[in-house]
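Here are my notes on the model you sent, set out as numbered points. I have kept to what can be read from the coordinates, and I begin with a pocket before turning to the chain as a whole.

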Amino acid sequence: YCLRASDGRLVWRFLAAPADRRIACFDQIESVWPVHGSVLVDNDVAYFTAGRSTYLDGGIRVYALEPATGNLVRLLTAKDYADTAAGNVDALGLTIDSKKRLYIVTNQRIAERPWHINRVAIFRSEPLDATGVPTKLRAWFRTSYPWGNNYYNHGSSHIAEGPDGMIYVSSGARTDGGFSDPEGLFPGGGETPITACLWRLD
């Protein structure tokens, strides 16, 4: 909700969710995609996120609105930069480096044989201008490994620039947790050399 400061009257409201769905949480009814924390206003654009978890209900959505009208400035979707034909793309990590370049960490489950794999791609934009709209998002880093059993593939997620100027990425575990695999789509064997670890990229 946006209220007028002078008298508290409603200026506009915006549904930051793909649908008006409710759940019970902490003894109250609230949205499946709540807006947590504060709204950031920078260069006449209001930024906020909606969602409970990157792993639930389609993940967390990032919005940018015009503060005066509540109109969307831009909603970045996977089809803007990634190949979605091979399967759903989960963007689990975002950061902006000291050169104002946006990084997006994506995971994509690919139904290959003999096993499904997790295709990881990190996309990087050109330096952001005053509008903050990312341009020319291209794959900067790619790798893959066998998908973890069912939901036990935690994927690559958090990304940040370190004080040394290098890019650090958290690569989650893929262990199966004892989950049965009657179809034989997921290999066992525990972690790979690039899972359950921290990547340091130049």
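1. How many nonpolar, polar and charged residues does the lining of the second largest pocket have? The model is a predicted one, and in it this lining divides by class into 15 nonpolar residues, one polar residue and five charged residues.

2. The lining of the second largest pocket comprises 21 residues in total, and those lying nearest the centre of the pocket are Y1, F14, L15, A16 and V35. Strand β4, which covers residues 28-31, supplies the largest share of this lining, namely three residues, and the space within the second largest pocket comes to about 560 Å³.

3. Turning to the overall make-up, the protein chain contains 14 strands and zero helices, so that a reading along the sequence gives the pattern β-β-β-β-β-β-β-β-β-β-β-β-β-β. Taken along the principal axes, the box filled by the C-alpha atoms of the protein chain is roughly 65 × 45 × 30 Å. Of the 202 residues in the protein chain, 36% are buried, and, among contacts with a separation of 6 or more, 43% are accounted for by residues 24 or more positions apart.

4. Which strands make up the four-stranded open sheet, and in what order? The order is β8-β9-β10-β11, with antiparallel pairing, and the edge strands, each of which pairs on one side only, are β8 (89-96) and β11 (138-146). From one strand to the next, the twist in this sheet averages 15°.

5. Within that sheet, strand β9, spanning residues 102-110, and strand β10, spanning residues 117-124, are paired in the antiparallel sense over eight bridges. A reader who wishes to check the register in the structure may start from R109, whose bridge partner in β10 is N118.

6. An open sheet of three strands follows the order β5-β6-β7, again with antiparallel pairing. Its edge strands are β5 (40-42) and β7 (61-65), each of them pairing on one side only, and neighbouring strands of this sheet are turned against each other by 25° on average, with direction ignored. Strand β6 (residues 45-50) is joined to β7 by five bridges, the two running antiparallel, and F48 has Y63 as its bridge partner in β7.

7. Strand β12, residues 156-161, and strand β13 run antiparallel and are joined by four bridges, with I167 in β13 serving as the bridge partner of E161. The hairpin of β12 and β13 has five residues between the strands, and in this hairpin G165 takes a positive phi near 85°.

8. Is F186 buried or exposed? This residue lies in the loop between β13 (167-171) and β14 (197-201), and its relative accessible area is 10%, which is why F186 is classed as buried, the cut-off for that class being under 20%.

9. Finally, F186 can be related to the pocket discussed at the start through L15, which is among the residues nearest the centre of the second largest pocket. The C-alpha atoms of F186 and L15 are 38 Å apart in space, and the two residues are 171 residues apart in sequence.

Definitions and conventions. Residues numbered from 1 in each chain as written. Predicted model: local features only at pLDDT ≥ 70, side-chain atom pairs only at ≥ 80, totals over all residues. Heavy atoms only, no water. Pairing = 2+ DSSP bridges. Axes fitted to C-alpha atoms, helices over the stretch in contact; angles between N-to-C directions. 1 Å grid on protein atoms, 1.4 Å probe; cavity = no way out; pocket = protein on both sides within 12 Å on 5 of 7 lines; lining within 4 Å. Points joined across faces, edges and corners; volume = space filled by probe spheres on them. Nonpolar A, V, L, I, M, F, W, Y, C, P; charged D, E, K, R; others polar. Buried < 20%, exposed > 50% of the residue type's maximum accessible area, 1.4 Å probe, protein only. Contact = heavy atoms within 4.5 Å.
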